[in-house]
Amino acid sequence: MAFQSSDNEIKLLEFPRAPLSQSKLEYAESFIVDLNLDDGAKGTEKLVETIRRSATDGLFHIVNHGIPSNLLELQRDVAYTYFKTTSLDQKDADTTKNGSGLFEGYKLRTPDEKEDGLTPTIEEYNYDYYATGKVVRPPIMEKFEDEVAKVYQHYHHVLIPKMMRLLSLVCGREPDHFYKMHDSSLPNSEIAHYLRYHVNWERDTDKKRASYAGHTDIGSVTFLYCNPMPCLQVYTAKGWRYVPYIENSIIVNIGDCLESLTGGKFPAALHRLVKFSPDQAGFERIALVYFVHPHDNIIREHFRLEQERRTTLAGTNMMSGQEVNRLIMALSADNEDPYAQIVDEQMWLRSKKGELVPAPEELAFDYDARTIRRRADAENPMMEVLTQSQPFKDEQWRVIQSLAREMAREKVAFDDVQWKTVLEILNRAIDTESLQTHETAGGLTQAQELLLERVIHDLKAKTIEVP
Ligand SMILES: O=C(O)CCC(=O)C(=O)O
Ligand SMILES: [Fe+2]
């Protein structure tokens, strides 16, 4: 039950702030965008250049953003008070789905957590101020809504347009190019996201909450109010690095949608949370995040394109920047960094410029589970379709891989039925050196046939080595 004093008034608690950490840590480069310099002329050009340079990390810091720090710190106290003083039963009741698949309110506990009566060690609350207004807010949030809403209003009316304009300029577009995808003419969502990391949150790392295992945010940009507890890391060309703490700054973090909208030229920031530094042990951490998504139809198109790319790349050993991200996510979920030993820095940088790069040979994607596993113990989903549970011979696999590479390059895909035809043709080509493609039941388009013929021709010419 919410803490209430005798006069029925809910009291705001002050979040116990840890002293600044003195730990010596390896930090990412600080790309600082001072909005006071945004003059529409030389100053703006300088900011555009800084943002352009930050594209390797996908993350930069804005200062002189115009939101008074006391408002943001009030927001931190409000979030803390809610998490700290609200009963579990009330929190369970505070969840609402807003119809878009995104949750509103308190993030539902898992059935296990409910059964064991446990409070999640990372708690989350989502707040879409510009949504329909149907959601009933907890009393402490209602009480301070007018003040805290000034933060949302500033994001909505000032910082989103400014960032979208700067990002459009970075990408050589018309100044309103990205903002037109976010304005109020069509439905979209902006979500204030509060997180409470309990003192002992790292003990639950097997639960892999998205916020701390390596991940990218799905929207276009995310604003993160600077946090004096240096747990946030970003993946850079040098590996995982701590995000520097710059007082009163707001971090801007590029999400998947902006990566798609820029054709991979502005890659999403891959980030994660790691344990508290020893001199801040015993404190909790409250994070204040503001997710920005483009219009709903653009989000849908983004997911459609992602699905299409996955279909095209499935079974190939080529990866897009997003797959590279997923690879690092899968490998670094335990806060280790084996990725750097597998893929070199140049490859990573190329993927960050929108190129397809070869995946490490020994790894295979599992698109359904959104993970990547070592090939030895991987069941490749394409192999399943092709072999219908027969084990796949090495030589067949070699040919299929070559075919798949060509498919990725030429953007040709086969459906499940067509794959069976393809397999028949390839098996015959391998076993009898017969290269006829037209003898089979078919179902292939001309482009597919041509592609297949070329791969088979290479096979005959032994440019594909069959061991
Ligand atoms: O806790 C933080 O600083 C960031 C959390 C985060 O990455 C997220 O909520 O997506
Ligand atoms: Fe995130």
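A polar side-chain atom of Arg285 sits 2.9 Å from an oxygen atom of ligand 1 in this predicted model. That makes a polar contact, meaning a pair of N or O atoms within 3.5 Å; within protein, one must be able to donate a hydrogen and the other to accept it, and residues adjacent in sequence count only if both atoms are side-chain atoms. Taken alone, ligand 1 exposes 300 Å², and the protein buries 95% of that. Such areas come from the Shrake-Rupley method with a 1.4 Å probe, and for residues only the protein chains shown count as cover.

Before going on, a word on how to read the names and values. This is a predicted model, in which local features need pLDDT of at least 70 and side-chain atom pairs count only at pLDDT 80 or more, while totals for chains, interfaces and linings use all residues. Residues are numbered from 1 along each chain as its sequence is written, chains are lettered from A and ligands numbered from 1 in the order in which they are written, and side-chain values use heavy atoms, with hydrogens and water left out.

**Around ligand 1**

Tyr197 also reaches ligand 1, with a polar side-chain atom 2.6 Å from one of the ligand's oxygen atoms. For His271, the corresponding distance to an oxygen atom of ligand 1 is 3.1 Å. Of the 12 residues around the ligand, the nearest are His193, Tyr197, His215, His271 and Arg285; a residue is near if one of its heavy atoms lies within 4 Å. By class, this shell has 6 nonpolar, 4 polar and 2 charged residues. Here Ala, Val, Leu, Ile, Met, Phe, Trp, Tyr, Cys and Pro count as nonpolar, Asp, Glu, Lys and Arg as charged, and the others, Gly among them, as polar.

Three strands, β6 (190-197), β11 (271-273) and β12 (285-292), each supply at least two residues of the shell. Strands (E, at least two residues) and helices (H or I, at least four) are DSSP runs, numbered from the N terminus.

**The iron ion**

His271 turns up again at ligand 2, the iron ion, whose protein donors are His215 (NE2), Asp217 (OD) and His271 (NE2), at 2.1 to 2.2 Å. Donors are N, O and S atoms within 2.8 Å of the metal (3.2 Å for Na, K and Ca); water is not among the atoms, so sites may look incomplete. Along the sequence, the donor residues follow the spacing H-x1-D-x53-H. Asp217, in the loop between β6 and β7 (221-225), and His271, in strand β11, are 54 residues apart, so this pair links distant parts of the chain. Asp217 counts as buried at 7% relative accessibility, and His271 does at 4%. Buried means under 20% relative accessible area, exposed over 50%, and partly exposed in between (1.4 Å probe, protein chains only).

**Salt bridges**

The whole structure holds 13 salt bridges, each a side-chain nitrogen of Lys or Arg within 4 Å of a carboxyl oxygen of Asp or Glu. Here are some of them:

| Pair | Closest N to O distance |
|---|---|
| Arg17 and Glu73 | 2.8 Å |
| Asp77 and Arg17 | 3.2 Å |
| Glu284 and Arg196 | 2.8 Å |

Glu284 lies in the loop between β11 and β12 and Arg196 in strand β6, so their bridge ties together parts 88 residues apart in sequence. Glu284 is buried at 12% relative accessibility, and Arg196 is buried at 5%.

Arg17, Glu73, Arg76 and Asp77 are linked in a network of salt bridges. Within this group, Arg17 is partly exposed at 33%, whereas Asp77 is buried at 10%.
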